[in-house]
Amino acid sequence: MSYRQKHLLAIEGLEPPAIAHLLDLAESYVLLNRSGRTQRDLLRGRTLINLFFEDSTRTRTSFELAGKRLGADVINMSVSTSSVNKGETLLDTAWTLNAMHCDLLVVRHGESGAPALLAQKVDAAVINAGDGTHEHPTQALLDALTIRRRKGRIEGLAVAICGDVLHSRVARSNIHLLTTLGCDVRVVGPATLLPAEVERLGVRAFHDMRAGLEGADIVMMLRLQKERMARGLVPSAREYFRFWGLDAEKLGYAKKDALVMHPGPMNRGVEIDSEVADDPARSVIKEQVEMGVAVRMAVLDTLSRSGRNDA
Ligand code: CP
């Protein structure tokens, strides 16, 4: 098996064979899920805990579904009703869960690096479900699977990642994955929402939607993350949409068969217009959600085996 790590903490540093292994395995789970069959034996007797310190709809639900489809005992820990509210620290929470012999720990946290810290302290395999502005590795994997299924390849495609790149862990994971697999990656947005020296990650930066989208095979829109934003980085939502929101006119700058992607949740009328978000001929946003379950099954499957092999 070409994926040899105990945890999945980031896309940065993964070699193409490890990414290909996860995507190929996820592909087999897409087919299994569509057939209505399950593989309930693989994780029988294993315990998966979802530990989410930030809100989530897609990631948490799909990890739960993925774990259950593979036969794991799945526990969703509600941080809002846990002893975290009484002042228990992240590490004490992790040690407590560790004492219960959890096998797989899925963590979302507002601080970059929190899952990596936990990975040093617990016996379980830790999966980063999004940490601060750092990474969201399973999102990038499901995006890659969606692209590969629709375009038949990833290498050589032009991908425009648009909007609030500065605060986006989705963007960072996608940049690492797509550049590793040989895409022409552009980041497109106002200067206030692109990280300084972003080109050092191997991408080209554009401050104009027409130039950034020209010739793009994939237009990936990002949510405007107001909750992570200092004041004054963008004008009003209305003005933001006028210059940076994806509508049919701006999509026309990309290739005629360009696909529209968004990790969700969407701010309709802010970074994306409903006309393109809901266009079945161009938008693959719902397909991204479906791929999320398959990718998370592949990750749980892989880590449950690599944990055994590493011992
Ligand atoms: N894309 C994503 O992470 O969505 P959730 O916040 O709903 O999990």
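Okay, let's start right at a helix contact: in H5, Pro137, Gln139, Ala140, Leu141, Asp143, Ala144 and Ile147 meet Val170, Ser173, Asn174, Leu177 and Leu178 of H6. Before I go on, keep in mind that this is a predicted model.

So how do those two helices sit against each other? Packed helices in general get described by two things, the angle between their axes and the distance between those axes. For H5, residues 137-151, and H6, the angle is about 55 degrees and the axes are 8 Å apart. That makes the pair oblique, because anything from 65 to 115 degrees would count as roughly perpendicular and anything under 35 as roughly parallel. The crossing of H5 past H6 is right-handed.

Let me stay with H6 for a minute. This helix covers residues 169-180, so 12 residues, and spans 17 Å from first C-alpha to last, close to the expected 16 Å. Is H6 mostly covered or mostly open? Mostly covered, with 10 of the 12 residues buried. The buried set runs Arg169, Val170, Ala171, Arg172, Ser173, Asn174, Ile175, His176, Leu177 and Leu178. Notice that Val170, Ser173, Asn174, Leu177 and Leu178 are on that buried list and are also the H6 residues that meet H5. If you like the spacing there, remember that an α-helix has 3.6 residues a turn, so residues three or four places apart point the same way.

Now the ends of H6. At the N-terminal end, serine 168 is the cap, with a side-chain oxygen 3.3 Å from the backbone nitrogen of valine 170. Just past the helix, glycine 182 has a positive phi, about 90 degrees.

Back to H5, which has another partner. H1, residues 16-35, packs against H5 at about 70 degrees, and their axes are 10 Å apart. That makes H1 roughly perpendicular to H5. On the H1 side the contact uses Ile19, Leu22, Leu23, Asp24, Ala26, Glu27, Val30 and Arg34, and on the H5 side Leu141, Ala144, Leu145, Arg148 and Arg149. Leu141 and Ala144 of H5 are in this contact with H1, and they turn up in the contact with H6 too.

Next pair: H3 and H4. H4 is residues 114-121, and the H3 and H4 axes come within 10 Å, crossing at roughly 45 degrees. That makes H3 oblique to H4. The crossing is right-handed, with Leu90, Leu91, Ala94, Trp95 and Asn98 of H3 touching Ala114, Leu117, Leu118 and Lys121 of H4.

While we're on H3, which spans residues 90-99, have a look at threonine 93 in that helix. Threonine 93 is at 3% relative accessibility, so it counts as buried. Outside its neighbours within four places in sequence, threonine 93 contacts Leu51, Met77, Val84 and Glu88.

Last, some backbone oddities. Most residues other than glycine have a negative phi, and most peptide bonds are trans. Histidine 101 isn't a glycine, yet its phi is positive, about 60 degrees. Histidine 101 sits in the loop between H3 and strand S3, and at 64% relative accessibility it is exposed. Glutamate 197 also has a positive phi, near 60 degrees. Glutamate 197 is in the loop between strands S6 and S7, exposed at 53%.

And where's the cis peptide bond? From glycine 264 to proline 265, with omega near -5 degrees. Proline 265 is in the loop between strand S9 and helix H10. That's me done, thanks.

Definitions and conventions:
Residues are numbered from 1 along each chain as its sequence is written. This is a predicted model: local features need pLDDT of at least 70, side-chain atom pairs count only at pLDDT 80 or more; totals for chains, interfaces and linings use all residues. Side-chain values use heavy atoms; hydrogens and water are left out. Helices (H or I, at least four residues) and strands (E, at least two) are DSSP runs, numbered from the N terminus. The expected span of a helix is 1.5 Å times one less than its number of residues. Buried means under 20% relative accessible area, exposed over 50%, partly exposed in between (1.4 Å probe, protein chains only). A polar contact is a pair of N or O atoms within 3.5 Å; within protein, one must be able to donate a hydrogen and the other to accept it, and residues adjacent in sequence count only if both atoms are side-chain atoms. Axes are lines fitted to C-alpha atoms, for helices over the stretch in contact, and angles run from 0 to 180 degrees between N-to-C directions. Angles under 35 degrees count as roughly parallel, over 145 as roughly antiparallel, 65 to 115 as roughly perpendicular and the rest as oblique. A crossing is left-handed if the near helix is turned anticlockwise from the far one by less than a right angle, and right-handed if clockwise. Contact means heavy atoms within 4.5 Å.
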